[in-house]
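Here is a short report for a reader meeting this structure for the first time. It covers a sheet and some charged side-chain pairs.

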Amino acid sequence: MVASGWWWRLVATVGVFVFLVLGLTTARHQRRHFRAQERLTSEGYHEEGWEELQHVLPQVNLENYTVTDIKVNTGDVAYLPCRFPQLSTLHQVSWIRRRDWNILTTGVSTYTSDRRFNVLHPQTTDDWTLQLKRVDKKDNGTYECQMYTGTGVLSQFVNLYVSTPQAAILGPRELYVEEGDTITLICVIQQSKPPFVFWYLGESMVNYNARLKVETMVEGERTHSTLTIHEAQNKDSGNYTCIPPNVTPAHVLVFVSQRGDTVAAVQRRGHISAASTCSTLSSVFTSSSLLLPFYIRLVLVALSCLIYTHHCLPFR
């Protein structure tokens, strides 16, 4: 009887311990779920806003082992689709970065310290879209969406291609104008819609200069930013740079001379490029000095050939 009572006490103790462990685990998962939902809400995503968000999501037919290509520009938001119809509401879905096999998310919980990653999953839906904010070139690569079932693993893959658009200023790379003329510089950005465009003269931003006017317009997938300078002055000469965010900048050299004085413009151009010219001449003189002994010896041999014919016998 004593042994039987001891056995039942042991079973009861183990049962209470298991119950407490399961309860703590469930509570931890619930807290993590609630924190994830609060984070999504604080970042502007909520269940009611899913309809408004769907217009930016890629429309693709997703099946097991589907491979989807997504192309975005640096600085934009990427949406990586994942959908397992009639299954993902019953099983957990995880996102994995194939480059380093890093588990990014499981369910609605994020397991990476990179706060740019986030899962968009409205309840009772099959969508498990991975959201990546402020995309960078280093984010290029393949991402895998996995779902574990009782019979195996289902996977979908997304190839993310990140590109950096380039700006271009229309016209020649060097612009010559006279004082009093109007300078118009047009910067074109393809496949990007930057929220603003900065113009620089040398190292000084000129967007808010009272004498200069900057206008930026978006037309489809192309953005135009126009810099206009009325009544150009000599001080307007220099290197103008168009710098949109997350776009490779473009530049043009502007030379303003007195009316009818083209010599001043050429001299100013020579002054700007003097440093590069001196560097080139220096390299030429350096290489010539290394070959100078060889040249002197060659000249001496030629003179010997002219004076003493028998010295040139080896060359016959």
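## Charged pairs and a sheet

R98 is partly exposed, with a relative accessible area of 29%. The model is predicted. The side chain of R98 meets that of E144 in a salt bridge, at 3.2 Å from N to O. This pair links distant parts of the chain. R98 lies in the loop between strand 3 (93–97) and strand 4 (102–106). E144 belongs to strand 8 (residues 141–148). The two residues are 46 residues apart. E144 has a relative accessibility of 5%, so it counts as buried, the cut-off being under 20%.

How many salt bridges does a search of the whole structure find? The count is seven. Side chains of opposite charge can pair when their charged atoms come close. Three of the pairs are set out here.

| Salt bridge | N to O distance | Relative accessibility, Arg | Relative accessibility, Asp or Glu |
|---|---|---|---|
| R97 and D100 | 3.0 Å | R97, 10% | D100, 38% |
| R98 and E144 | 3.2 Å | R98, 29% | E144, 5% |
| R116 and D114 | 2.9 Å | R116, 8% | D114, 21% |

Take R97 and D100. Their side chains meet in a salt bridge. Is R97 buried or exposed? R97 counts as buried, at 10% relative accessibility. Its partner D100 is partly exposed, at 38%.

Now R116 and D114. The closest N and O atoms of this salt bridge are 2.9 Å apart. R116 counts as buried, with 8% relative accessibility. D114 is partly exposed, because its relative accessible area of 21% is not under the 20% cut-off for buried. Which residues are joined into one network by salt bridges that share partners? They are D114, R116 and D139.

Next, the sheet. Strands of a sheet pair through backbone hydrogen bonds, either parallel or antiparallel. In this model, six strands form an open sheet with mixed pairing. Their order is 1-9-8-3-4-5. Strand 1 (67–73) and strand 5 (109–110) are the edge strands, and each pairs on one side only.

Strand 1 pairs with strand 9 (residues 153–163) in the parallel sense. Seven bridges connect the two. Within this pairing, I70 has L160 of strand 9 as its bridge partner.

The sheet order also includes strands 3, 4 and 8. These names return in the R98 and E144 pair: the loop holding R98 runs between strands 3 and 4, while E144 is in strand 8.

Notes. Residues numbered from 1 in each chain as written. Predicted model: local features only at pLDDT ≥ 70, side-chain atom pairs only at ≥ 80, totals over all residues. Heavy atoms only, no water. Pairing = 2+ DSSP bridges. Helix = DSSP H or I, 4+ residues; strand = E, 2+ residues; numbered from the N terminus. Salt bridge = Lys/Arg side-chain N within 4 Å of Asp/Glu carboxyl O. Buried < 20%, exposed > 50% of the residue type's maximum accessible area, 1.4 Å probe, protein only.
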